[in-house]
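Colleague: Could you take a close look at the charged side chains in this model? I would like to know which ones pair, and what surrounds them.

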Amino acid sequence: MAKISMIVNGNPVNANVDPRALLVQFLRENLRLTGTHVGCDTSQCGACVVHLDGNAVKSCTTLAVMADGHEVRTIEGLAVDGGPLHPMQEAFREHHGLQCGFCTPGMIMTAIDIVHRKGNDLSDYTIREELEGNLCRCTGYQNIVQSIAAGAKAMAKSDLA
């Protein structure tokens with residue numbers, strides 16, 4: 001077993017894990033943060049995207065021990081219980097950027113990363129290019145693209161971003 005310590009959604013976490021445990025397994029099974037989904041186990045679908053020190057990573061191919069000493073943010077960490085949604089979450093709700101919801105946590109975490117890297121004024125082309133590696137089997141992407149564009153603009157005006 002390997003001893004790990006990290007900050008998850010603002011809270012310190014210490015645990016002993018199998019050195020082969022994936023970050024997604026640790027989050028879902030040890031911490032019961034089930035918003036991070038396992039879709040493919042091969043890093044192709046993006047349902048498992050979380051932020052590691054502020055950068056989007058696919059947690060299905062990241063070992064939990066690789067997060068030792070770092071900060072992890074999951075979809076559950078974007079908005080406080082009872083508080084307003086993160087602007088990107090609100091944009092997905094408002095612009096119907098989801099159907100079944102399975103890909104949505106990964107899409108939202110990726111979208112926030114895109115905004116942090118590319119800015120708040122995103123073209124449809126940029127959004128579509130940056131979403132490569134995030135699959136949705138339901139929506140056809142148009143509402144996802146609109147949601148991300150709206151969320152990006154809303155993040156510019158929000159202190160929650």
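Modeller: Glu-71 has a relative accessibility of 36%, so it counts as partly exposed. This is a predicted model. The side chain of Glu-71 forms a salt bridge with Arg-73, with 3.8 Å between the closest N and O atoms. Arg-73 is partly exposed as well, at a relative accessible area of 30%. The cut-off for a salt bridge is 4 Å, and the Glu-71 pair, at 3.8 Å, is counted.

The backbone around this pair belongs to strand S5, residues 71-73, which runs parallel to strand S1 and is joined to S1 by two bridges. Glu-71 is the bridge partner of Ile-7 there. Ile-7 also stands opposite Pro-12 in strand S2. S1 and S2 are antiparallel and share seven bridges. They make a hairpin with two residues between the strands, and Asn-9 in the turn has a positive phi of about 55 degrees. In a regular strand, side chains alternate between the two faces of the sheet. S1, residues 2-8, does this: Ala-2, Ile-4, Met-6 and Val-8 point to one face and are buried, whereas Lys-3, Ser-5 and Ile-7 point to the other face and are not buried.

In total, seven salt bridges are counted. Another of them joins Arg-117 to Asp-113, with the closest N and O atoms 2.8 Å apart. Both residues sit in helix H3, residues 104-118, and they are four residues apart, which means about one helical turn separates them. An α-helix has 3.6 residues a turn, so residues three or four places apart point the same way. The two partners differ in accessibility: Asp-113 is buried at 7%, while Arg-117 is partly exposed at 45%.

Asp-121 and Lys-153 form a salt bridge with an N to O distance of 3.3 Å. Asp-121 is in the loop between H3 and helix H4, and Lys-153 is in helix H5, residues 142-156, so this pair ties together parts that lie 32 residues apart in sequence. Asp-121 is exposed, with a relative accessible area of 66%, and Lys-153 is partly exposed at 42%. Some salt bridges share partners: Asp-113, Arg-117, Lys-118 and Glu-130 are joined into one network in this way.

Which charged side chain is buried yet has no salt bridge? Lys-58 is such a case; the nearest side chain of opposite charge is that of Glu-132, 9.0 Å away. Side chains of opposite charge can pair when their charged atoms come close. A salt bridge requires the nitrogen to be within 4 Å of a carboxyl oxygen, and Glu-132 is 9.0 Å from Lys-58. Lys-58 belongs to strand S4, residues 55-58. A polar atom of its side chain lies 2.9 Å from the backbone oxygen of Ser-43. Leaving aside residues up to four places away in sequence, Lys-58 touches Ser-43, Gln-44, Gly-46, Cys-48, Val-49 and Gly-133.

H3 and H5, which carry some of the paired residues above, also receive helix H2: the buried residues of H2 pack against both. In H2, residues 87-94, the buried residues are Pro-87, Met-88, Gln-89, Ala-91 and Phe-92. Just after H2, His-96 has a positive phi of about 55 degrees.

Definitions and conventions
Residues are numbered from 1 along each chain as its sequence is written. This is a predicted model: local features need pLDDT of at least 70, side-chain atom pairs count only at pLDDT 80 or more; totals for chains, interfaces and linings use all residues. Side-chain values use heavy atoms; hydrogens and water are left out. Buried means under 20% relative accessible area, exposed over 50%, partly exposed in between (1.4 Å probe, protein chains only). Two strands pair if DSSP finds at least two bridges between them. Lys and Arg count as positive and Asp and Glu as negative; His and the chain ends are not counted. A polar contact is a pair of N or O atoms within 3.5 Å; within protein, one must be able to donate a hydrogen and the other to accept it, and residues adjacent in sequence count only if both atoms are side-chain atoms. Contact means heavy atoms within 4.5 Å.
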